[in-house]
Amino acid sequence: MGAKGIRIEGLKKRYGSGDTAVDALKSVNMEIAPGEVVGLIGPSGSGKSTLLKSLGAVIDPTAGRMTLGDEVIYDEGWKVRDLRALRRDKIGFVFQAPYLIPFLDVTDNVALLPMLAGARNSDARARAMELLTALDVHHRARAMPSQLSGGEQQRVSIARGLINRPPVILADEPTAPLDSERAMAVIRILNDMAKRFETAIIVVTHDEKIIPTFKRIYHIRDGVTHEEVGEGRAVA
Amino acid sequence: MISLASRDILHSWGKFIFTGFGLGLLIGVTLTMAGVYRGMVDDGKALLDNSGADLWVVQQDTLGPYAESSSLSDDLYRGVLAMPGVSNAVNVTYLTMQVRQGERDVRAMVVGVAPGGAGTPGWPPYLVDGRQITRSHYEAVADIATGFKIGDRLTIRRNQYAVVGLTRRMVSSNGDPMVFIPLRDAQEAQFLKDNDAILESRRRTAANPAFNRPGAPGFLDAVIAAQSTNASVNAVLVTLEPGHEPEAVAQSVRRWKRLTAFTRPEMERILVGKLIATAAKQIGMFLVILAVVSAAIVAFIIYTLTMDKIREIAVLKLIGTRNRTIAAMIMQQAVALGFIGFVVGKITASYSAPLFPKYVLLLPGDSIAGFFAVLVICVLASLVAIRTALRVDPAEAIGG
């Protein structure tokens, strides 16, 4: 793989110790190239959420190695010092529920991240408008989140995840609350954005209707990942 | 960087305004309570100012005439008047009672003033209507807070008085408005018994062989006459000649007249430190309780508002928001709530103060101190919500 994307090698996560220890992740190996969208599926209790939290630098793995772009962010107990800045600058998040900030309008919801990173308000808003235009929600730029439909909220959430041009986006069940048509639209958008911004996107999902759209899928079961490469139905 | 706090306030302004209004009423009560205390102190100082005295000479070993009863012979003032440094010395009596006017009565402090005029110690220094007392009997000057008008007929004991003048801010340390009447009338009013009591007293005196001696005609009449008059006053108000130290003259009175004399600072200490001390403590307790209640309300409201957006806070933390940005948002909201509350409270206190029966004095310094106290309370009250917000795990934003 190139200089960007994400690579995970032998990632492990153990909760507790001694007799009560639980190995949530036993051996996770993943490699996602820039511009690629992969699915991560698995039954409840398989370790999906633990993996997502580890990838999102929210919890510390117990062992293994993670490389984001050309930067090692975790290596056998060592980790980058400022995880908050790492999350802000290098990782985008798209959630099952959009979790937009209810008291900020659409533009400021998207522009908030660069503002937090120190960008000027006008620059941050210009970047937000660019993304909102790309995602076709620019006409709702001044609307409050409560005034948006579910699909519009999710597109704004995707714009927020992309605003800092992160090398990787973690999407946690992004289509769960949407009907088939809107779910497919969201996957289409994610594919477009991945290509456009050279971003690696990991989509955690249970959604049967979108699983065939992934060219590569990682199954996780009992804390171990298995890669499956299929024809898929990549969405144009 | 945009202000998250102001955006949140604008988004849910109704909640903030109504909460701020409720808090404001509480702050208004707090400011008013402070104003009541200031009013009591000011009433006490007004009483001393309006008496026009430099020294108060009272019965030995008493704190009279305002804090304790004091009784002096009404000819003692002559001796005081002759002392070095004394410019003027006049008798005065104070009697708090119900003064009747027609069908109603008003609680007032009846002041008996010695013959003189405006500028004589004890007299009202200025009038807002009518004239000063010019006759020896049955005329009165009343504070307008009594509600009396020029020409009203007042009943004090068995005598009737015509209101000839009105004055303002002449009140006792309790805030009771004053009614000024001639000294002789006031002495009689202090002493006068009802007819049945007088008859009973005369009967008992006549039945006493020590007073009703067969060989001493006129002795019984003299005793009865002595029993029917009052030669006592409550205090002697003294003004000093320029260049004389009040404390030195007071020492001289204490030493040579064997009376108690108080200077102005000593009298202030008695009024503020003893007479209204209990009321001040009571008000102080109320202020503490109101401050605690205000803090609890702010803490509860801010905590509730924070808990309402706990998921959003988890998202903010997950996407890399600094803890201090989140803490500042919560603290700014608490301060904004306090600011709204203070403005509402200040307006409420200012407009309601004149409606209180007692004088409520709202000092700018108290308002400024109150404003900063509200801010401190709000900052402290926000700490619970900040602590909760900072303990939110960003992982909560991720399902599972």
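What radius of gyration does chain A have, and what would a compact globule with 236 residues have? Chain A comes out at 17 Å, which agrees with the value near 18 Å for such a globule; the radius is taken over C-alpha atoms, and the globule rule is 2.2 Å times the number of residues to the power 0.38. The model is predicted, so local features need pLDDT of at least 70 and side-chain atom pairs count only at pLDDT 80 or more, while totals for chains, interfaces and linings use all residues. Residues are numbered from 1 along each chain as its sequence is written, chains are lettered from A and ligands numbered from 1 in the order written, and side-chain values use heavy atoms, with hydrogens and water left out.

Along the principal axes, the C-alpha atoms of chain A fill a box of roughly 55 × 40 × 35 Å. Chain A has six helices and 11 strands (DSSP runs: H or I of at least four residues for helices, E of at least two for strands, numbered from the N terminus). Of its 236 residues, 55% count as buried, meaning under 20% relative accessible area (1.4 Å probe, protein chains only). Take the contacts in chain A (heavy atoms within 4.5 Å) between residues at least 6 apart in sequence: 68% of them join residues at least 24 apart.

Then there is the partner chain. Contacts link 26 residues of chain B with 25 residues of chain A. Together the two chains bury about 2,500 Å², 68% of it on carbon and sulfur atoms; this is the accessible area (1.4 Å probe) that two parts lose on being put together, summed over both. B:Met1, B:Ile319 and B:Ile398 supply 24% of the area that chain B buries against chain A, more than any other three residues.

Note on methods
Buried means under 20% relative accessible area, exposed over 50%, partly exposed in between (1.4 Å probe, protein chains only).
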